Amino acid sequence: MATQTKAKLVTIVDDDELMRNALQGMLKSVGLPSQAFASAEEFLKSGQQQQTACLIADIRMPGMSGLELQAMLNAEHCRIPTIFITAHGDTKMRMQALRAGAVEFLAKPFDDEVLLDSVRAALEN
Amino acid sequence: MTNSVAGKWFKRLAAYSALRYGLAFASIAAALGLARVFLYFHLPQPFGALALSAIAITFWYGGVKPGIVATVLASLLRYYRWSEGGVVSGALYDLVFVIFALLMMELTRSRSELEVRVAQRTADLTRANEVLNLEIAQRKEAEEKLRQSEAYLAEAQRLSQTGSWARVSATGEMRYWSEECYRVLGFDPRDGQPRFETFLQRVHSDDRAKVREITAAAGRDKIDYETDYRIVHPGGEIRDIHVIAHPVFNPSGDLVEHVGTVMDVTDRKRAEEKLRQSEAYLAEAQKLTHTGSWVWDVAERRALHLSEEWYRIYGFDQKDGMSAWNKRLERIHPDDRARRQQEIDRATNEKSDYEVEYRVLLPNGAARHLHSVGHPVLDASGHLVQFVGSSTDITDRRQAEEALRQAQADLARISRITTMGELTASLAHEVNQPIAAAVTDANTCLRWLNRNEPDLQEAREAASRVVKDATRAAEIISRTRLLFKKANPQWEPVDMNEIIREMVALMGSEAARYSISVRMELAADLPQVMGDRVQLQQVLMNLMMNSIDAMKEVDGTRELVIHSQRGKNEELVVSVSDTGVGLPPQQADQIFDAFFTTKPHGTGMGLRISRSIVESHGGRLWADNNSSRGAGFHLTLPTNVEAHE
C-alpha cells in the first residue's frame, strides 16, 4: 500500500490557479503528493497519465473540457479514477460523467472531507 | 506788295479817267461825224443840237470834268468848222454851250446827291432788316426753349407721377392744372379742368371729409398743408395720392391762391407696405427661432442695428436703444467672457467669420445659452468695417440635448444591466471559483492547526491563500458593481488595453462556458483616449457578448481575438474577431439599426448603443466578415481629444 501511494500521484487539472493551489495545499495537509496542470492538453502532453492514481479535474476549461479528457483517457484504455469538481454542475452532466466511469462529481464549493474520502477510496482501489 | 497793289489801283483809276475823257472826245467826234453825214445829204446844219446831245451824254455818263472838256471841244469845233455864221451867232452858240454845260453840271450834281441819299437809305433799311431778323431768330429760340422746358416739365411730371396746380383761394376755381393732374387724379383733359366739387366726388368716400376740411382750413388760416388721400379712378382703381400745397400772397399780404402738387404714391405705399410686412415676417421668424440679429461697428465698438428679438434674448427693453449693446457684456457669464472675447478678437484680426457659444445671466437669475455667428463686412479698400450676424437662444436645444444625453445614458445602463443579466451564470461561476478555493484553503489551514503538533508555517501559507482568494472574489464583485452603477458619464483619460483586459476577465468564464478561447493582441504603445470608462467597457462587453453568441453553435475552433493598435490620423483601432456564424447575409448594414436582432431573446439595442457610444467619443464602429470564418467588429477612437465639452 505504501509503495502504491508512493508510486502513484494525485493529478489536478484546473484552469483556475487559486483552485489548483487550494487543492494541492489540501492534499499536502493530509500527506498526499500531487501535481497540477492548468489544462487537459498540458496533462496529456506531460505523459504523467501512468503515474496518476487519481485525477481531480474541472469540467469547464478553455480548450479541452474535463469530460473530453476523461473520454480521451478511456479511449487510450487509461482508466484513472476521476473526481470532477465544477461550478456549473447539472444532473445531465453528472450522469454523463458517472456513466463514463467517474468516481465522484462535486459542485464548488465542496466539502473537502467528502473530496478527501473519494481520493482515498480511489487510491485504495 | 503794297507798291504793286497801289500800282494796280492807280492803273485802274487811270483807265477809268481815260474812258471818261475818251467819252468826251468820242461823243463830240460822233456829233461831228453825224453833222458831216447831215451835210452830205444837204440837210440843215444840226451840229449845235448834236453837240449839245454829246455834251449832255458826256456829263451824264462821264462826269463834270469830261463834260467841260466836251463843251470846250464842241466850242472849238464849231469855231473851227462853222465860223461862217458871224461873231454874234458864234457867241450865242458859246453861250448856249456854257449855259447847257452849267445846267448839266447842276443836274449831274443833283443826281450824285440823290444817289448818295438813296444809298444811305438803302443801308439804313438793310440794317433795320437785319435787326428784325435777329429779333425774330431770338424770339424763335426763346419759344423753342420754352417749349422744350415745358416738355421736360411735363415729362418730369409724368415720370414722377406728380401734377402741379394753382387754386384761387377766394373762389375755389382752378387757375392752373398741369397735364399730369388729369392723369394722376383720373380725369379726361378733353373735359377741361374739373370743378373742386367734381374732384371731391372722386376722392375715396372715407377720405372725402378729411380733404374738404383740410382744404377749407388752409384757405381760412392761410397755411401750408400736406396730406394723403385715396382717389377712385373711373375704372374703379384706387390710387394713393400725396398732396402738398403752399399759400401765395399779393404784395399787400392778402391770400391769392394755393399752389401745390399731387403725387401718385401708390407704388411707394405698396412697396412700404411690402417692406413693413417683410419686416414683420422677419421679426416673427426671429421670435420663433429665438434669433436676434445685429450689426456693429468695429472701430467704434457700437451697435448699428439690433433686432427686437435681440433685446428679448438679452433681457433688455427696446427703449434702452443701442446702449444696450454695450451693457450686454455685463450679462455674459463671467466664465465665458474671456473665451468669447478671444474668438471675436481673432475674427477681427483675421477679418474672418466667427462662431461662439456662451451663457448669459439675466437679471431675474435665469441663464441662457447663446450661439452667435458673425460675418465681417469690408470696405472697398478691404478694411474691416462692421460685423453682421445673429445670436440664437439655444437654451431649449441645450436642455433637450442634455435630456437626450441622459436618456441615452439611461438606455445604455439598462442595456448594460440586461447584458449583465445574461452573464449572471458566468459571473456566479466567476465569483464561486475563488470562494470555493477560499473554503478549501481555510479547511486546510484548520487541518494544519488541528494536528497534535500544529504546523504553523503550513497554516500561515494556507491562510495567506485564503486572503488571495477572498481578494479575488471582492475584485470581481466590485468590477461587476461598477457596470451596474448609475452614474453620469465621467470624461477622463482611459487606457483601452486596460479596459480590454478587464472585460476579458469579466467575460472569461462566459467564454469558457462555451469552450471559447480568448486571445488578446494588444499594442504596447497604445495612446490613451478621452472617454467614459464604463461606456467603453460596455462597448467591449457588447461586442464580446455578440462574438460568444455567434460561436455557441458552431463546430470546430471557437476563438475570440481582441486586437488593439495605433491607427492613422491620431486614432486607435480595436477589433473584436470571432470564428462564429458571421454577419447575417444581406443584412450586414442593418445590424446597427435599433431593434435589429438575430437572437431569440435579444433587445436589438446592443450594437445600436455601442455605435452611439463610440460616435459620441468621436470614433466609428463598423463590422465585416473575416476572410476565413466569422465576423470582425472594428472601432476607432481619436487619441488627440483634449476635452469633450
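Here are legends for four close-ups of a predicted model with chains A and B.

**View 1. Chain A, a run of alternating helices and strands.**
Chain A has six helices and five strands. Follow the sequence and you get α-β-α-β-α-β-α-β-α-β-α. Of the 125 residues in chain A, 42% are buried. Take the contacts in chain A between residues at least 6 apart in sequence: 60% of them link residues at least 24 apart.

**View 2. The side of chain B that touches chain A.**
Here 24 residues of chain B are in contact with 20 residues of chain A. On the chain B side, at least two residues each come from helix H13 (424-450), helix H14 (456-484) and helix H15 (496-513). Which of these helices gives the most to that side of chain B? That would be H13(B), with 14 residues. By class, the chain B residues touching chain A split into eight nonpolar, eight polar and eight charged.

**View 3. Helix H2 of chain A meeting H13(B).**
Zooming in on one helix pair across the two chains, we find H2(A), residues 17-29, with its axis coming within 9 Å of the H13(B) axis and crossing at roughly 20 degrees. Angles under 35 degrees count as roughly parallel, so H2(A) is roughly parallel to H13(B). The crossing of H2(A) and H13(B) is left-handed. On the H2(A) side, the contact is made by Leu18(A), Met19(A), Ala22(A), Leu23(A), Gly25(A), Met26(A) and Ser29(A). Among the residues they meet on H13(B) are Pro434(B), Ala437(B), Asp441(B), Arg447(B) and Trp448(B). Sorted by class, this H2(A)–H13(B) contact has nine nonpolar, six polar and two charged residues.

**View 4. Helices H12 and H16 crossing within chain B.**
This last view stays inside chain B, where helix H12 (residues 395-422) and helix H16 (residues 533-551) have axes that come within 11 Å and cross at roughly 45 degrees. That angle makes H12(B) oblique to H16(B). H12(B) passes H16(B) in a left-handed crossing. Which residues of H12(B) are involved? They are Ala412(B), Arg416(B), Thr419(B) and Glu422(B). Facing them from H16(B) are Gln535(B), Gln538(B), Met541(B), Asn542(B) and Met545(B). In class terms, the contact of H12(B) with H16(B) comes to three nonpolar, four polar and two charged residues.

Definitions and conventions:
Residues are numbered from 1 along each chain as its sequence is written. Chains are lettered from A and ligands numbered from 1 in the order in which they are written. This is a predicted model: local features need pLDDT of at least 70, side-chain atom pairs count only at pLDDT 80 or more; totals for chains, interfaces and linings use all residues. Axes are lines fitted to C-alpha atoms, for helices over the stretch in contact, and angles run from 0 to 180 degrees between N-to-C directions. Helices (H or I, at least four residues) and strands (E, at least two) are DSSP runs, numbered from the N terminus. Angles under 35 degrees count as roughly parallel, over 145 as roughly antiparallel, 65 to 115 as roughly perpendicular and the rest as oblique. A crossing is left-handed if the near helix is turned anticlockwise from the far one by less than a right angle, and right-handed if clockwise. Two residues are in contact if their C-beta atoms, placed from the backbone, lie within 7 Å. Ala, Val, Leu, Ile, Met, Phe, Trp, Tyr, Cys and Pro count as nonpolar, Asp, Glu, Lys and Arg as charged, and the others, Gly among them, as polar. A residue is buried if 20 or more other C-beta atoms lie within 10 Å of its own, exposed if 12 or fewer, and partly exposed in between; C-beta atoms are placed from the backbone.
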